[in-house]
Amino acid sequence: MSKMNFIDKYVSEVSRRLWKKNRKDIEKELKSTLEDMLEEKVGNREATEEDVVELLKEYGNPKKVASSYNNPDKFVIGPKVFDLYLMVLKIVLAVVFALTILGSGISLAFSETENVFLELLLIIPNILSAGIGAFGGVTIIFALIEHFSDEEIDIKDDEWEPKDLPEAVEDYDKVNVLSIITKIILIIFALVVFNFYPDKIPIFYQSGGDWVFASALNMEALSKFLPYWNILWIVSIVLSFIILIKGKWNLITKILDILLSVFSIIILAMMIKGPNIINLKELDLLNPQLAKDLSPVFSILGNMTKVFFGILISVILFDIVKKSYKIIKDRV
Amino acid sequence: MKEEKIIENFTQELRRGIITLNVLNELIEPEYGYSLATKLQEKGIEVEQNTLYPLLRRLEKQNIIESSWALEDSRQRKYYSLNEKGKKILDKLIIEWKKIVESTNYLLEGDE
């Protein structure tokens with residue numbers, strides 16, 4: 001790897017943490033400074049890779065360099081602590097969701113209510129309020145840290161290695177063609193399977209030594225939600241093609257992408273509230289005894305799919321926050 | 001806290017307080033960041049690059065110094081220099097600095 005490549009990667013690692021307004025200017029200046037310093041360091045001889053690595057180590061952790069440029073008064077949660085904030089938020093939300101679901105599950109198991117469905121419904125507002133509470137709490141704590149820290153949060157210089165730097169970002173709006181094509185293929189697959197072969201999503205069971213399958217999807221529930229998914233999927237495919245053709249993201253496509261994520265959260269929330277997406281209707285016709293035996297398992301499975309939707313919602317929400325932050329940072 | 005650490009912290013605070021004055025004074029003549037750092041260092045003023053560049057940026061934003069890019073030895077360099085407002089501010093700061101030194105010296109010598 002060429003030594004200049006190291007400098008480029010380092011500069012890129014600093015600049016991607018900066019706000020767009022000053023990015024190009026700081027990039028140029030930092031690069032020329034590092035080159036000057038390298039020249040000074042090695043004198044007349046040719047600089048080696050080790051020289052560059054040593055120089056970058058001396059210059060300091062890219063996070064620290066970037067944070068020195070960013071004016072901390074400007075942020076509720078600044079770049080200094082933003083990575084840490086995201087990490088803590090992820091962990092706290094995961095734990096809160098898990099605990100809420102576990103707690104609701106236990107109370108449901110011991111409750112004597114007849115209306116299990118209603119009890120299940122009550123889990124959703126519990127999860128939501130616990131999630132929002134955790135989100136608010138973590139955000140407030142970090143905002144306070146940001147407010148009172150006065151640059152005392154030290155970014156350690158030994159926590160990074162010039163050789164581990166990722167490739168330099170050439171273009172912040174660059175499209176990852178492979179991921180978009182993968183996305184299109186997956187969506188088309190989902191469109192075809194759920195629209196034309198929903199009965200082929202099976203459960204298998206053994207009957208007299210032979211494996212038999214029965215459809216496990218609740219067709220009624222599916223027909224209720226599928227139109228929304230179809231709209232989402234088709235718009236997603238159109239958007240993906242537009243992005244592929246343009247070769248670049250822009251503000252409009254980025255915002256559309258976020259809106260689609262919001263839409264998917266709404267559908268998932270409806271599915272949590274609505275009937276279970278899997279059931280034993282078809283198995284009941286084929287093998288009533290087995291259907292009866294499996295019914296407790298299926299009621300758990302049904303709830304698990306709802307928990308899964310809940311987790312999916314939090315993942316998408318997190319992604320939306322991340323994308324929005326990036327949009328703001330890369331535009332301002 | 002150890003004695004050396006306390007002294008180091010105080011010294012750092014003192015340096016931090018006068019760094020703007022040092023930088024402004026060097027920018028009577030145009031300098032680019034690295035040459036400025038080297039010159040300051042030669043005169044016994046240690047400035048970390050991570051302090052210097054953001055400071056230059058801040059001074060520019062306050063409209064005290066100006067900058068322009070120049071191509072030199074196939075390298076892009078950003079030159080900074082004081083503008084008229086900056087020169088006036090520097091003159092006043094120097095007067096303030098002399099006052100501080102004078103009264104501090106008076107205070108310190110009086111205690112001896």
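Tyr10(A), Tyr59(A) and Trp160(A) come together in one aromatic cluster. The model is predicted, and the cluster is a convenient place to enter it. Two of these residues, Tyr10(A) and Tyr59(A), also belong to the largest nonpolar core, where they are among the members that touch the most others.

That core has 46 residues, and the other members with the most such neighbours are Leu34(A), Val23(B), Leu27(B), Leu56(B) and Ile65(B). Two or more residues each come from helices H1 (3-15), H2 (20-42), H3 (49-59) and H4 (62-69) of chain A, and from H1, H2 (33-42), H3 (49-61) and strand E3 (75-82) of chain B. H2(A) is the biggest contributor, giving six residues. A second core lies apart from this one; it has 39 residues, including Ala190(A), Trp249(A), Leu268(A) and Ile316(A). In soluble globular proteins, nonpolar side chains tend to be buried together.

On the chain A side, Tyr59(A) sits in H3(A), where Asp51(A), Val52(A), Val53(A), Leu55(A) and Leu56(A) are buried along with it. After H3(A) comes Gly60(A), with a positive phi near 115°.

On the chain B side, Val23(B) is one of the buried residues of H1(B), together with Ile19(B), Leu21(B), Asn22(B), Leu24(B) and Glu26(B). Beyond its neighbours within four places in sequence, Val23(B) contacts Leu36(B), Leu40(B), Leu52(B), Leu55(B), Leu56(B) and Leu59(B). H1(B) itself runs over residues 3-26, and its 24 residues reach 33 Å from first C-alpha to last, close to the expected 34 Å. The helix has a kink of about 40°, centred on Ile18(B).

Chain A as a whole contains eleven helices and two strands. Along the sequence their order is α-α-α-α-α-α-α-β-β-α-α-α-α. Of its 332 residues, 41% are buried. Among contacts in chain A between residues at least 6 apart in sequence, 77% join residues at least 24 apart. The chain exposes about 19100 Å², of which carbon and sulfur atoms supply 66%.

Aromatic rings form seven pairs over all chains. One of them joins Tyr85(A) to Phe142(A) edge-to-face, at 5.4 Å centre to centre and with 65° between the planes. What does this pair tie together? Tyr85(A) lies in H5 (residues 79-110) of chain A and Phe142(A) in H6 (residues 116-149) of chain A, so the pair links parts that are 57 residues apart in sequence. Tyr85(A) counts as buried because its relative accessible area is 5%, under the 20% limit. Phe142(A), at 6%, is buried too.

Conventions. Residues numbered from 1 in each chain as written. Chains lettered and ligands numbered in written order. Predicted model: local features only at pLDDT ≥ 70, side-chain atom pairs only at ≥ 80, totals over all residues. Heavy atoms only, no water. Helix = DSSP H or I, 4+ residues; strand = E, 2+ residues; numbered from the N terminus. Expected span 1.5 Å × (residues − 1). Bend = angle between axes of the 7 residues up to and from the residue. Buried < 20%, exposed > 50% of the residue type's maximum accessible area, 1.4 Å probe, protein only. Contact = heavy atoms within 4.5 Å. Areas by Shrake-Rupley, 256 points an atom, 1.4 Å probe, with all protein chains shown as cover. Core = buried A, V, L, I, M, F, W, Y, C linked by side-chain atoms within 4.5 Å. Phe/Tyr/Trp six-rings, centres within 6.5 Å; stacked < 30°, edge-to-face > 60°.
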